[in-house]
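Here is a short note to read beside the sequence and the structure. Please go through the points in order and find each place in the viewer.

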Amino acid sequence: MLRPSSWRGAMLLRSQYPDASPICGGTDLMVDINFGRARPATLLDLTSVEDIDSWELIDDGRTVRIGAGMSYTRIIDELSGLCPALAQAARTIGSPQIRNRGTVAGNLATASPAGDSHPVLLACWAQVEAESVRGLRLIDIDDFFVGPKRSALEPDELIRAVRVPAATGPQQFAKVGPRNAMVIATVSFALNLDTATPRVGTGIGSAGPTPLRARAAEQMLQDSLDDRWDAPGSVDEDVGRQFGALVAEAASPIDDVRGSAEYRRHALAVLGRRCLSWALQDLGEGEVAA
Amino acid sequence: MTVIETPTRITTPSVVDGVGASATRPDGVPKVDGSFIYSSDEYHDGSLWGVTLRSPHPRARILAIDTSQAEGIDGVRCVLTHRDVPGSKTYGMKVYDEPVLAFDEVRYQGEPVAVVAASHPEIARRACELIVVDYEELVPNTDPEMSLTGRVDGLFGGGLARHVRIRHGDVGAARALADVVVEGRYEMGTQDPAFLGPESGLAVPLGDGGVELYVSCQNLHLDQQQVADCLGLPLDKVRLVLSGVGGAFGGKEDLNVHIHACMLALRTGRPVRMVYSREESFFGHVHRHPAIADIELGATRDGRLLFTKVRLVLDGGAYTSTSQVVIANGCYFAAGAYDVANVEIDGFATYTNNPPCGAMRGFGAVQSCYAIESAMDRLAAALEMHPLELRMRNAIGEGDMLPTGQPVDGPAPVQEILAYLRDLPLPAGVDHGTADMRARPGGVGNVTRGEGIRRGVGYALGMKAIGFSGGMDDTCTARVTVWIRDGEPVAEVYCAGPELGQGVVTLEAQIARTELGVRTVELRDKDTDIAESGASSASRQSWMTAGAVAGACGLVRDEILARGARALGRPAGELTLDGPEIRDPAGHPLVPVAEVLGPEAVSHAFTYRHRPTEPVDDERGQGNAHVAFAYAAHRAVVDVDVELGLVKVVEMATAQDVGKAMNPAGVEGQIEGGTVQGLGLAVMEELQITDGRVRNPSFTDYLIPTMLDVPPMPMKIFEFPHPDSPYGLNGVGEPPNLSSTPAILNALRDATGLELPRAPVRPSDLITEPPDGRAEPE
C-alpha cells in the first residue's frame, strides 16, 4: 500500500509502480477485489493527497475544474447550479454511502460503459487532466474512452481533475434501471443545450462498448434549432420523435442480465424524446435547468 | 482456553413487557450499534480459515482430483475431498442425496468439491485455485418439462421427485355446469432468500474426539443429526450452538458450512472459521422453486366458483432438499382461500441440473397463491365483476371443506380481511409535474415528469397452513429456572428454537414475565444440550416456543406456590405468584418468594405438542393434514410508466389475522418484511439461470427492494384468538409473503391491460406504447 500525501509524490510513485491500482473512493475497485476479480499487488492510496478534493472556476468562469478526489455528494451539494446534469447523474449513483466516497475521476479511470458520469461528460465536451512525471495533458472526452473498460490513460498517468464547461443552457440526465435507486444503468442519456455557442451535446450510457455520443441526433437538433434558439416553442413535436429515434440509432447495445438490446434502444428513444421536451421547455422559460 | 464471544445472557429488566406488549428486542440495539455477534464474527484464538472449492460446471463427471500443489503451499494445513468424509458421504433434510463433497459427478454449478484449511483466508482461496479437478463436461438437463417424463438419464428418479394428486368432487361434471371458464398459464422465476448475513460458522475440535459448531441455522437438532452422520460420530460428540443469524427465510434450513468446518477442525486439531463471500452465498443455499402453473377455473354467471383445476410444476434442481414437501404444500393451497367443491390438482417437483431449490418463506404456497390469484382476476374480468367482489363471494369460511377433505377450523375471518381492503380509501394521485422524482416510476433516475404513467389497483388473498403438516408430530421443549438474586426472583429461559431475526427470543422473555411476574429474564444460549425445538420455519416457532415456555413456567409457578403453601399452611389453590411476592386471592402479599426459595432454584422443562395431523393419501390427496390456517390479503396500488416499463409501487395495504399479536411491533415488522419480499418477487428479484449457470450472483445484479422501492403499508391486524394455540396466537411470518406478489401483478395488469403471465415482471414486459410517444393520452 502506497500512501502519498502530495500530488507530486503520487505521480512519482505512479511512475515507479505502474502496476499499482490507484484507489480513492474504492467503490469500484473494492467490488472487484471482494469478488476475487482483481488482486492488485499494490494499491496507490490517493485519499491522503492534498488539494484534489475541491473545485474551482477557471477559464474566466466558463469552466468548472473538479478535483479527482471530490465526492459525488459534494458535486450534488455544490455544483447543481453550474453543472446540473452532472449533479443529476451523481444523484442516481449508488447509495448515500457510495456517493460520499465515489468520484468522477474514479468513474473515468474504470471507464465502464455504464459509468453514470460519462454521458454527461460527453454531452458537455469535458476534458480530462491526465498528469504524470512527464507532464500534464488534456484529453478531450471524445478521445478518452477507447474500449470496454479501457481509457486513453497511460500507465504512469493519474487523473488530476476533470474540466467541465459550466452550463449555459438547459441540461438533462436520465437513467433507466429496474429499481428506483441504487442500480446500475440499463441505459442512460444526457443532453446539453449550450446556448452560448450555440450547440447541442449528447451522451449515451450502457448501450455500447463505451459511452457514446449521438452525433446524428445532435446534428439534426442543431439544424432544427438553427435560428430558433430564442423561440424553442416553435420546435415541432416531430423533432422530438426524430431526435429520440436518432439517439436510439446511435447505440450499439447488447443483451445481458440488465436488459435486452431491443429494450435499451426503445428506452433510449423515449429518454431522448423526453429529455429534449424538458430541455426545450426550460429553454423557453429562459432558465438553466436546476 | 480462550473465551468465545457469543451474545449470551441478555437481561431485560422490565416487568411491564409481558405478552401483548411491543417489548424491545434484546438483540435490537446490538444489531444497530454493530456489537451483535453474527456467525461470521465468531472468533477463536489460533483458528484457521476454511474455504470451499466449487464446481464451475452445472454437470460434469469428475475423472480425477489432484490436491498436491495446493497442499504444498505455505500456510495450508489440509485439503479434503470426498475421500476424507468420515461417515455418510451424503446428507439432506429429507433424503440423504447431496454429497458432502462431490464424488463421481457434479450436478449443479457451485457444488462443493473440496475444502481447504489455511492460516489465512486468502491463502486458502489461492490453494483452492491450485486444486486440479479433471472434469468431463456433460450436457446439463435444465428443462423441468423434460424431467416430468421421469426418464432423463443422470437425474435422480429420472427427473421426477414427486407427483402430488389431489382429487375432490367431480371437475368434469362441474365444468358442464359452468357459465364461464377461464384458463391461464403463470410462470415464476427463481427467487433468492438474499439474507444479508452469509453462511458462516466456527468449528472447535474437542479433546474427546468430538466437535463444537457455532453456526447460523434454522434447526439445531436436525443439523446435528446430519453432521454427526457425516462425521461418523455419535450425537453426543457433536454439539451445535446457535450463533447470530443474519436472516434465513428458509435458506438456512439446509446445511452449508457445517460439515466442512467440522471436518477441517477435526483433521487439523484447530478451530476453523468459514464465511461465504456474497457471490459464494448465492451458490451456498437453496432458492425458491421456479414455477409453471396451468390453471382452469369455472364459475356460474353470478361468480360462484364451481371448479378449480391446477397443474403445478416446481423445479427443485439437482438435489432433493425439501422439494417433495414444498410441492405438497404448494398443492394443498393451489385452489386458494376459496370454497370450491370440485378440485383437481396435480403437482410435480422435478430434478434438473439447475441450482437446488428448497424451503423459502411461504414454502410452495407463494407460487400457487400467485397462480390462483392471477387466475381469479382473469375470471373476474371474464365475469365483468370487481375482483374483490369475486373473492368475497367465494371466500372460504369456518367449516368449509378444503380440497384435501379437511374442514376449516379455527377462525377464518376472510370476509373481514377483504372488507378492510374494500373500505380503505385509495391513496391520492400524484401530480407528477411537481412531485419529488422519488414518487415517480424510475425514482431518482429522473425518467418521467408524468409522461406515460398509468395507475393500477390490484388485490390478492392468501392462505397457508401454520406448523408442520401431514403427520409430522414435531415437538418443542423449553426449560425455565427461577432463583433469587439480590432478593428478587430471576427467570432463565432455555429453548433451542432458533432466533433468525423474527423475534422469538423477545417472546420467550415476554412469556416468562407474564407467567411468573418476574422483572428479570435471562435467555440462555441456544444449543443442542436441551431437547429439540424443531425448525424456525413454517411460521411455527412462536407458537411452539410459546407453548413450551408457558408450560415450563406453569410447572415452575406450581412448585413455587406449593412450597409457599407448605410454608404458609394454606392450600396452594388460594395463592398467586406475582413477581417477588406470593399473594392471597385479594392481592395482599403473604410471603416473599425469596423467603420461600432461599438459595434453591426451581427448574422445570416442558415439551409442547400441537394437535396430531395425518398424511394425505397418494391417490386422492385426502386427509386432515394441518394444524392451523392463516390468512392475509393485500391491495396494491401502482404507477407504471408504460413507455419505459418502470414501476412505482405507491401503496401496499394489507390485512391479516394473527390470532394474538404477542408483540405488535414484531408482528408489524413481519408483515412489512413479508410484503416487501413479495414486492421484490413481483418487480425485480430473479436469479437468472441459463443452461444451469447463474448469471447474476451479486447484489449488483440480483436486485432487492431499497427504501425508495418500499411504499407506505397501511395495515389492519386482526386478533381472532385461535382455539388450539398458546395465548390464541397464530403464525405470522409467511402469510404476508403470499398475497403481496399477485396483488402487485394484478395491479400492473389493471394499469397496463397486459396479461403479464410471468413474475417477476421486467421493464420490457410492461411496455404498451411505441417509443415515439404517439399513443400519449389526450
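1. Start with a pair of helices in chain A. α10(A) passes α11(A) in a right-handed crossing. The two helices, residues 237-250 for α10 and residues 261-284 for α11, pack at an angle of about 140°, and their axes are 7 Å apart. Angles over 145 degrees would count as roughly antiparallel, so α10(A) and α11(A) are oblique to each other. Please keep in mind throughout that this is a predicted model.

2. Which residues make this contact? On the side of α10(A) they are A:Val239, A:Gly240, A:Arg241, A:Phe243, A:Gly244, A:Ala245, A:Val247 and A:Ala248. On the side of α11(A) they are A:Arg265, A:Leu268, A:Ala269, A:Gly272, A:Arg273 and A:Leu276. By class, the contact of α10(A) with α11(A) has eight nonpolar, three polar and three charged residues.

3. A:Leu268 of α11(A) also appears in the surroundings of A:Ser188, which is found in strand β11 of chain A. Leaving aside residues up to four places away in sequence, A:Ser188 touches A:Pro119, A:Phe173, A:Ala174, A:Lys175, A:Gly203, A:Ile204, A:Gly205, A:Leu268 and A:Leu271. Is A:Ser188 buried or exposed? Its relative accessibility is 1%, so A:Ser188 counts as buried.

4. Helix α4 of chain A, residues 84-91, is mostly covered, with seven of its eight residues buried. These are A:Pro84, A:Ala85, A:Leu86, A:Ala87, A:Gln88, A:Ala89 and A:Ala90. The elements covering the buried residues of α4(A) include β4, α3, α5 (96-101), α6 (104-110), α7 (118-123) and β10 of chain A.

5. Two of those covering elements, β4 and α3 (72-79), are joined by the loop of chain A that holds A:Ala68. A:Ala68 has 7% relative accessibility and therefore counts as buried. Not counting residues up to four places away in sequence, A:Ala68 touches A:Ile52, A:Thr103, A:Ala105, A:Ile159, A:Arg160 and A:Ala161. A:Ala68 and A:Ala123 are 55 residues apart in sequence, and their C-alpha atoms are 20 Å apart in space.

6. Next, check the backbone. Most residues other than glycine have a negative phi, and most peptide bonds are trans. A:Asp59 is not a glycine, yet it has a positive phi of about 60°. A:Asp59 sits in the loop between β3 (55-58) and β4 (63-67) of chain A. With a relative accessible area of 41%, A:Asp59 is partly exposed.

7. A:Met182 is another residue to inspect: it is not a glycine, and its phi is positive, at about 55°. Where does A:Met182 lie? A:Met182 is in the loop between β10 (171-176) and β11 of chain A. Its relative accessibility is 37%, so A:Met182 counts as partly exposed.

8. Two peptide bonds also deserve a look. In chain A, the bond from A:Thr197 to A:Pro198 is cis, with omega near -15°. A:Pro198 belongs to the loop between β11 (187-194) and β12 (199-205) of chain A. In chain B, a cis peptide bond joins B:Ala759 and B:Pro760, with omega about -5°. B:Pro760 lies in the segment after β32 (758-759) of chain B.

9. Now turn to the largest nonpolar core, which has 98 residues; B:Tyr631, B:Ile744 and B:Leu748 touch the most other members. Helix α10 of chain B, residues 365-383, supplies the largest share of this core, 11 residues. Apart from it lies another core of 43 residues, including B:Ala478, B:Val482, B:Ala491 and B:Ala628.

10. α10(B) packs with helix α17 (residues 735-752) of chain B at an angle of about 35°, and the axes are 8 Å apart. α10(B) passes α17(B) in a right-handed crossing. Among the residues in contact are B:Ala365, B:Val366 and B:Cys369 in α10(B), and B:Leu738, B:Pro742 and B:Leu745 in α17(B). The contact of α10(B) with α17(B) divides into seven nonpolar, four polar and three charged residues.

11. Last, look at helix α12 of chain B, residues 414-423, where B:Val414, B:Ile417, B:Leu418, B:Ala419, B:Tyr420 and B:Leu421 are buried. The cover over the buried residues of α12(B) includes α11 (387-394), β19 (453-466), β27 (628-641), β28 (646-657) and β31 (715-718) of chain B.

Definitions and conventions: Residues are numbered from 1 along each chain as its sequence is written. Chains are lettered from A and ligands numbered from 1 in the order in which they are written. This is a predicted model: local features need pLDDT of at least 70, side-chain atom pairs count only at pLDDT 80 or more; totals for chains, interfaces and linings use all residues. Side-chain values use heavy atoms; hydrogens and water are left out. A nonpolar core is a set of buried Ala, Val, Leu, Ile, Met, Phe, Trp, Tyr and Cys residues joined through side-chain atoms within 4.5 Å. Buried means under 20% relative accessible area, exposed over 50%, partly exposed in between (1.4 Å probe, protein chains only). Helices (H or I, at least four residues) and strands (E, at least two) are DSSP runs, numbered from the N terminus. Axes are lines fitted to C-alpha atoms, for helices over the stretch in contact, and angles run from 0 to 180 degrees between N-to-C directions. Angles under 35 degrees count as roughly parallel, over 145 as roughly antiparallel, 65 to 115 as roughly perpendicular and the rest as oblique. A crossing is left-handed if the near helix is turned anticlockwise from the far one by less than a right angle, and right-handed if clockwise. Contact means heavy atoms within 4.5 Å. Ala, Val, Leu, Ile, Met, Phe, Trp, Tyr, Cys and Pro count as nonpolar, Asp, Glu, Lys and Arg as charged, and the others, Gly among them, as polar.
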